[in-house]
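Here is a brief report on one protein chain. Keep the sequence and the 3D view open while reading.

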Amino acid sequence: MRFADVIGQEDVKKRLVQTVKDSRVSHAQLFLGPEGSGKLALAIAYAQYINCTNKQGDDSCGECPSCVKYQKFIHPDLHFIYPTAKIKNIEKPMSKDFIKQWRELLFETNSNINLPDWYSKIGIERKQAIINARDCNEIIKTLTYKSYESEYKVMIIWMVEKLFHAAAPKILKVLEEPPDKTLFLLVSENQDLIINTILSRAQLIKIGRLDDNNLSKALISDGYEPAVVNDAVRIAGGNYLAAVRLISQSDDERYNFINFRDWMRNVYQFDVEKLIKFVAEMSKNSREKNKSFLNYALRFTRECLLMNYGSGDLVRVSSEELEFINKFYPFVNERNSSLIAEELDRAIYHIERNANPNVLFMDLSLKFTKWLRK
Ligand SMILES: [Zn+2]
């Protein structure tokens, strides 16, 4: 990962580069910053820059043998330690047992990883993960070997606040007096949870939230729609991961809207061919997706009823939805609205219990046709 691939944070990059130019790279540094600020990406880019054999001014070259291996996260002198937990088939977990998933997630997120995504990647959503004593022993063992290829051996400890307290003393000595040309880059989101003896041994690199401008630019170059990006950035608070979450939620919301609008049109016109196609599509969806769709339909029906009661100012919808709601609401009235709502409620109940979506959506389509065309 080159500095150029890290979103924003130009001041931090400049300071890091300067430490290399001035030959005053501190052997233990703590990259402290909130979720989605790019602290892990910065640590990796810094390590790649230090070990690049053909530095291009303020960035690594991305092409020398060291950079090539760094960019695949497979350099033999680049080591990662992160929280783990017991899973099926791994009774005594260590970081290296999960390196495949770790590298995958680095690629998938452009090195912007948070704990929930990591837990879900290794399938431990409901457990607490820690950096355990086995990993601390591994750190010491690794550092006693000579570095293979590069000048610096780099140990990146991600979420150092998850270090198991009783295991911490094991690495204090090596943090204080590391072997020559060894670099500890600690990454953390919460300074208060880091053990004091660790904290006092590392130089602090404080990383702030991303600047909205840089965040927008990065998301647009990721291929997201500028209009959607602007909405997301406005509420993401300089958090790249939060912005991506907001964008993907609005994707789901839009899918639900388009799908619901087309479904209601086909129901009203009783276009059997299109209804059969709709049912077939729905049967391919995940249960969660269909549940979210039915909840959306229920919400939309209630908004229509509000319009019918002349409470249009209570309706909270996008401009696209409003356009459709204005045409659709006259068909939802006090006669059929409770029937529709009850039917949708029942459908959600059945979907949760694994009802056959083919049968369920065809049944709904026929009932709605009857009620809406009356
Ligand atoms: Zn290079």
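## Helices, turns and domains

Phe-270 sits in the loop between α11 and α12 (272–284). The model is a predicted one. The phi of Phe-270 is near 45°, a positive value in a residue other than glycine. This residue comes just after α11. Is Phe-270 buried, partly exposed or exposed? Phe-270 has 14 C-beta neighbours inside 10 Å, so it counts as partly exposed.

Ser-111 also has a positive phi, near 65°, and is not a glycine. Its loop lies between α4 (99–109) and α5 (115–121). Ser-111 counts as buried, because 20 C-beta neighbours lie inside 10 Å. The cut-off for buried is 20 or more.

**Helix α11**

Helix α11 covers residues 240–269 and has 30 residues. From its first C-alpha to its last it reaches 44 Å. That is close to the 44 Å expected at 1.5 Å a residue. Which residues of α11 are buried? They include Tyr-240 and Ala-243. Phe-260, Trp-263, Met-264, Asn-266 and Val-267 are buried as well.

Ile-247 belongs to α11 too. It has 19 other C-beta atoms within 10 Å, so it is partly exposed. Leaving out residues up to four places away in sequence, Ile-247 touches Tyr-224, Val-228, Val-229 and Ala-232. Ala-218 is 29 residues from Ile-247 in sequence. In space, the C-alpha atoms of Ile-247 and Ala-218 are 13 Å apart.

**Helices α1 and α2**

Leu-16 lies in helix α1, residues 10–21. Leu-16 is buried, with 22 other C-beta atoms within 10 Å. Glu-225 is 209 residues from Leu-16 along the chain. Their C-alpha atoms are separated by 33 Å.

Helix α2 spans residues 39–51. At 1.5 Å a residue, its 13 residues should span 18 Å. The end C-alpha atoms of α2 are 19 Å apart, which agrees. How many residues of α2 are buried? The count is 13 of the 13, so α2 is largely enclosed by the rest of the structure.

The residues with a neighbour count are set out below.

| Residue | C-beta neighbours within 10 Å | State |
|---|---|---|
| Leu-16 | 22 other C-beta atoms | buried |
| Ser-111 | 20 C-beta neighbours | buried |
| Ile-247 | 19 other C-beta atoms | partly exposed |
| Phe-270 | 14 C-beta neighbours | partly exposed |

**The α13 and α15 pair**

Two packed helices are described by the angle between their axes and the distance between the axes. Helix α13 covers residues 287–308, and helix α15 covers residues 337–352. Their axes come within 10 Å and cross at roughly 165°. That makes α13 roughly antiparallel to α15. The crossing of α13 and α15 is left-handed.

Which residues of α13 and α15 meet? On the α13 side they are Arg-287, Asn-290, Lys-291, Leu-294, Asn-295, Ala-297, Leu-298, Thr-301 and Leu-305. On the α15 side they are Ser-337, Ile-340, Ala-341, Leu-344, Asp-345, Ala-347, Ile-348, Ile-351 and Glu-352.

**Domains**

The protein is divided into domain 1 (3–208) and domain 2 (250–373). Taken over C-alpha atoms, the centres of domain 1 and domain 2 are separated by 48 Å.

Methods:
Residues are numbered from 1 along each chain as its sequence is written. This is a predicted model: local features need pLDDT of at least 70, side-chain atom pairs count only at pLDDT 80 or more; totals for chains, interfaces and linings use all residues. Helices (H or I, at least four residues) and strands (E, at least two) are DSSP runs, numbered from the N terminus. The expected span of a helix is 1.5 Å times one less than its number of residues. A residue is buried if 20 or more other C-beta atoms lie within 10 Å of its own, exposed if 12 or fewer, and partly exposed in between; C-beta atoms are placed from the backbone. Domain bounds come from an automatic or database domain assignment. Axes are lines fitted to C-alpha atoms, for helices over the stretch in contact, and angles run from 0 to 180 degrees between N-to-C directions. Angles under 35 degrees count as roughly parallel, over 145 as roughly antiparallel, 65 to 115 as roughly perpendicular and the rest as oblique. A crossing is left-handed if the near helix is turned anticlockwise from the far one by less than a right angle, and right-handed if clockwise. Two residues are in contact if their C-beta atoms, placed from the backbone, lie within 7 Å.
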